[in-house]
Amino acid sequence: MLVEIKNIKKKYGKKQVLAGAFLEANSGECIGVLGLNGSGKTTLLSILAGVQTADEGEFLCDGKDLFKMPQARSRAVGYVPQGTPLIEELTAYDNLFLWYDKNKLKEELKSGVLKMLGIDEFLKVRVSKLSGGMKKRLSIGCAMANHPPVFLLDEPMSALDIACKQNIKEYLNSYKKAGGIIILVTHDIMELELCDRCYIIKNGIAEEFQGDKGELLRRIV
Ligand code: ADP
């Protein structure tokens, strides 16, 4: 699969946040999206996820514009925003049950993505009682219900402990190995290790960064 994000423009009032952003990703690739606070990273991701619309631009998956095909987009794209989009009053299991059918849920808990993320360990716990890392793993588990080929993640490891970061990193590496495409908004060194290429958003434009990742972090963080 080839993802081509073309000429994305977005204004809030008079403020031009995205001024024609172009990015590209191939199967098995993780691309990092970096930039200073307020540069438009979350705006870009939420536009791709369909949470808000672009003023202009295309989101092509193998040549098909997903902006014009909302149902195809919901099958093709998984999204984990910065906050956790979970229902706090329900257990982990009941949150998953909103996304998975019963048999699929059983299978994924036994040997699939949910097992890999360690979600089987806290299934019966109410979300309001879970740690930040557990919530993040559960959010990823929910977003992966239909095995979407494209995964949008907004700082998935921020404020998590090392063991939890490692677990998420291992899962995302296996997702990449299976041909998945990750678009990752990041500030974090462990997240950056997952990235095959990085773009920096500046003045509303996404520029591919060609240098060393250490230098990249010094420039951005
Ligand atoms: P980043 O993720 O890079 O920190 P954002 O995409 O969150 O940046 O925000 C980019 C700019 O757009 C910021 O100046 C922010 O204040 C503004 N912005 C974001 N969302 C909205 C909104 N819904 N309405 C008005 N301005 C917004």
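Me: Is K9 buried, partly exposed or exposed, and what is its relative accessibility?

Reply: Relative accessibility places a residue in one of three classes, and since a residue counts as buried under 20% and as exposed over 50%, K9, at 26% relative accessibility, counts as partly exposed. Please keep in mind that this is a predicted model.

Me: Which residue does the side chain of K9 meet in a salt bridge?

Reply: A salt bridge pairs a side-chain nitrogen of Lys or Arg with a carboxyl oxygen of Asp or Glu. Here K9 is paired with E56, with 3.7 Å from N to O, and E56 is likewise partly exposed, its relative accessible area being 40%. Because K9 belongs to strand β1 (residues 2-12) and E56 to strand β4 (residues 56-61), this pair ties together parts that lie 47 residues apart in sequence.

Me: What separates K104 and E107 in helix α4?

Reply: When reading a salt bridge, one can ask where each partner sits in the chain. K104 and E107 are three residues apart in helix α4 (residues 102-111), so about one helical turn separates them, and their closest N and O atoms are 3.7 Å apart in the salt bridge. K104 counts as partly exposed at 26% relative accessibility, and E107 also counts as partly exposed, at 47%.

Me: How many salt bridges are there by this rule, and which residues are joined into one network?

Reply: The count comes to 12 salt bridges. Among them is the one between K115 and D120, which has an N to O distance of 3.0 Å; K115 is partly exposed with a relative accessible area of 40%, and D120 is partly exposed with 29%. Salt bridges can also share partners, and in this way E29, R197 and E208 are joined into one network.

Me: Which residues touch the most other members of the largest nonpolar core?

Reply: A nonpolar core is read as a set of buried nonpolar residues joined through their side-chain atoms. The largest one has 43 residues, and those touching the most other members are L96, I119, L138, I140 and F151. Helix α7 (residues 162-177) gives the most to this core, contributing five residues. A second, separate core of 28 residues includes L44, L48, Y199 and I201.

Me: Is helix α1 mostly covered or mostly uncovered?

Reply: For a helix, one can go through its residues and ask which are buried. Helix α1 (residues 41-49) is mostly covered, with seven of its nine residues buried, and L44 and L48 are among those buried residues. After α1 comes G50, whose phi is positive, near 90°.

Methods: Residues are numbered from 1 along each chain as its sequence is written. This is a predicted model: local features need pLDDT of at least 70, side-chain atom pairs count only at pLDDT 80 or more; totals for chains, interfaces and linings use all residues. Side-chain values use heavy atoms; hydrogens and water are left out. Buried means under 20% relative accessible area, exposed over 50%, partly exposed in between (1.4 Å probe, protein chains only). Helices (H or I, at least four residues) and strands (E, at least two) are DSSP runs, numbered from the N terminus. A nonpolar core is a set of buried Ala, Val, Leu, Ile, Met, Phe, Trp, Tyr and Cys residues joined through side-chain atoms within 4.5 Å. A salt bridge is a side-chain nitrogen of Lys or Arg within 4 Å of a carboxyl oxygen of Asp or Glu.
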